[in-house]
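Here is a set of short questions about how terms are earned from numbers. Each answer sets a value beside its cut-off and concludes.

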Amino acid sequence: MHSPADLTTSWPDTIHAHFRRVGVRQVGYVPDAGHSLLIALCQDDPQIADVVLTTEEEGVGLVAGAALGGQRAALLMQSSGVGNCVNMFSLLRNCGFGCIVLITMRGEFGEFNPWQVPMGTITEEVLRLSGFLTYRIETADAVDEVVGAGCDMAFNGNLQVAILLSQRLIGPKQWTR
Amino acid sequence: MLDRRDFVQHLLTDRGDLLVVPGLGSATYDVAAAGDHPLNFYLWGAMGGTAMIALGLALARPERRVVAIPGDGDILMGLGSLATIGVKQPKNLVVVVLDNAHYGETGMQPSHTSAGVDFVAVALACGFRKALTVTRSEEAAEVRRLLHSGEGPILVNAKIKPEDVPRVLPLRDGHAIKDRFIAALNAR
């Protein structure tokens with residue numbers, strides 16, 4: 001069902017390959033260290049319109065508009081960005097817009113900044129309460145299967161799917177000074 | 001200042017293939033009053049998201065003309081979206097703000113535009129190709145022309161009278177509004 005994971009590719013390559021496979025044509029994001037490689041892959045992909053946002057909430061509207069126009073869209077955000085979207089998520093649930101959201105986690109494993117913890121610890125619950133199916137990935141070898149299944153559920157069933165990429169997967173933020 | 005119903009009616013006369021996204025509240029009622037149409041994506045919520053929905057649609061369908069019609073409160077709540085649109089430069093997108101400088105749905109409290117916040121200046125600073133304020137009904141014909149053939153992104157700040165007009169309530173079921181819109185878009 002899914003393209004087999006090539007063990008030599010990185011997990012952002014795997015996610016991008018699934019975007020290509022299911023025909024994602026718009027990707028909204030706020031610049032993020034954890035998503036930096038995936039963002040660069042989308043920017044370099046002529047099939048994908050990359051839309052840099054001032055706040056993640058804008059991306060929810062983008063997804064709805066893309067779907068009205070017949071295009072599939074994905075959102076990339078940090079866990080803190082989920083909190084910026086809550087009311088706007090109503091749009092997806094209320095109208096049945098399929099959506100895949102990839103979330104890089106902060107405020108958990110190895111987090112040095114306590115200010116990230118309050119949102120990081122409620123991110124998955126907030127998504128569930130907002131109507132999302134949520135899946136969590138701890139290790140790179142699970143990315144292919146979970147992202148593949150998530151994309152299929154989002155776009156075959158007009159469901160809202162969120163995939164949480166754990167801080168253990170992406171690594172804690174590195175501070176050099 | 002403009003009569004909101006007459007102005008919107010004029011803009012949407014002989015609308016052709018226009019795709020229209022009105023913001024929640026009075027803007028949705030104004031667009032409904034101008035005549036129900038399957039290519040209206042009526043919003044009853046998602047305040048602050050109108051312009052971004054229109055952007056996603058404009059990017060998905062570059063061969064079609066897309067018009068967002070939010071109120072001033074809607075734009076204020078999503079002011080950053082003007083920056084996002086400015087970065088993306090969609091040629092087929094026009095944002096027409098129905099600016100009565102008040103929050104009509106909640107009891108006509110003054111909005112930031114009452115205190116002088118200027119959407120035209122914001123839009124130009126964000127890189128919109130064109131932005132203008134209209135205050136007189138004679139200017140509606142030029143705005144209508146921009147909807148159909150102006151090179152976007154364009155913002156029109158339409159100064160409308162802060163008056164209560166009878167509500168015209170369109171379809172409210174979100175799935176139905178979406179499905180009807182998509183079916184009509186794919187039929188043409």
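**Chain folds and packing**

In this predicted model, 75% of the contacts in chain B between residues at least 6 apart in sequence join residues at least 24 apart. For chain A, the figure under those terms is 76%.

Q: What makes chain B as compact as a globular protein of its length?
A: The globule rule gives 16 Å for 188 residues, and the radius of gyration of chain B is 15 Å. The two values are close, so chain B is as compact as a globular protein of that length. Its C-alpha trace spans about 45 × 35 × 30 Å along the principal axes. The secondary structure of chain B is eight helices and seven strands.

Q: How do you know that chain A is as compact as a globular protein of its length?
A: Set the radius of gyration, 15 Å, against the globule rule, which gives 16 Å for 177 residues. The values are close, so the description holds for chain A. The C-alpha trace of chain A spans about 45 × 40 × 25 Å along its principal axes. Chain A has eight helices and six strands. Along the sequence they follow the pattern α-β-α-β-α-β-α-α-β-α-β-α-β-α.

Q: What share of each chain counts as buried?
A: In chain B, 49% of the 188 residues count as buried. In chain A, 50% of the 177 residues do. The cut-off is 20 or more other C-beta atoms within 10 Å of the residue's own.

Q: Why is A:A49 called buried?
A: A:A49 has 24 C-beta neighbours inside 10 Å. The cut-off is 20 or more, so A:A49 counts as buried. A:A49 sits in strand β2 (residues 49–52) of chain A.

Q: What does A:A49 contact, leaving aside its neighbours within four places in sequence?
A: A:A49 is in contact with A:R25, A:Q26 and B:L59. For another pair, A:A49 and A:M105 are 56 residues apart in sequence and 24 Å apart in space, C-alpha to C-alpha.

Q: Why are α1(A) and α2(A) called oblique?
A: Their axes cross at roughly 40 degrees. Roughly parallel needs an angle under 35 degrees, and roughly perpendicular runs from 65 to 115. The angle fits neither class, so the pair is oblique. Helix α1 spans residues 11–22 and helix α2 residues 36–43 of chain A, and their axes come within 8 Å. The crossing is right-handed. A:P12, A:D13, A:I15 and A:H16 of α1(A) make the contact with A:L37, A:L38, A:L41 and A:C42 of α2(A). By class, these residues are six nonpolar, one polar and one charged.

Q: Why are α1(A) and α7(A) called roughly parallel?
A: They pack at an angle of about 30 degrees. Angles under 35 degrees count as roughly parallel, so the term applies to this pair. The axes of α1(A) and α7(A) (residues 143–157) are 10 Å apart. α1(A) passes α7(A) in a right-handed crossing. On the α1(A) side the contact is made by A:W11, A:T14, A:I15, A:H18 and A:V22. On the α7(A) side it is made by A:V143, A:D144, A:V147, A:G148, A:C151 and A:F155. Together they divide into seven nonpolar, three polar and one charged.

Q: What makes α1(B) and α2(B) oblique?
A: The axes of α1 (residues 4–11) and α2 (residues 26–33) of chain B cross at roughly 55 degrees. That angle is neither under 35 nor in the range 65 to 115, so the helices are oblique. The axes come within 8 Å. This crossing is right-handed. The contact is made by B:R4, B:R5 and B:V8 of α1(B) and B:D30, B:V31 and B:A33 of α2(B). By class it has three nonpolar, no polar and three charged residues.

Q: What makes up the contact between chain B and chain A?
A: It takes 26 residues from chain B and 26 from chain A. On the chain B side, the elements giving two or more residues are α3 (50–60), α5 (80–88) and α8 (174–186). α3(B) gives the most, with eight residues. The residues on that side divide into 14 nonpolar, nine polar and three charged.

Terms used. Residues numbered from 1 in each chain as written. Chains lettered and ligands numbered in written order. Predicted model: local features only at pLDDT ≥ 70, side-chain atom pairs only at ≥ 80, totals over all residues. Axes fitted to C-alpha atoms, helices over the stretch in contact; angles between N-to-C directions. Helix = DSSP H or I, 4+ residues; strand = E, 2+ residues; numbered from the N terminus. Parallel < 35°, antiparallel > 145°, perpendicular 65-115°, else oblique. Left-handed = near helix turned anticlockwise from the far one by under 90°. Contact = placed C-beta atoms within 7 Å. Nonpolar A, V, L, I, M, F, W, Y, C, P; charged D, E, K, R; others polar. Rg over C-alpha atoms; globule rule 2.2 N^0.38 Å. Buried ≥ 20, exposed ≤ 12 C-beta atoms within 10 Å, placed from the backbone.
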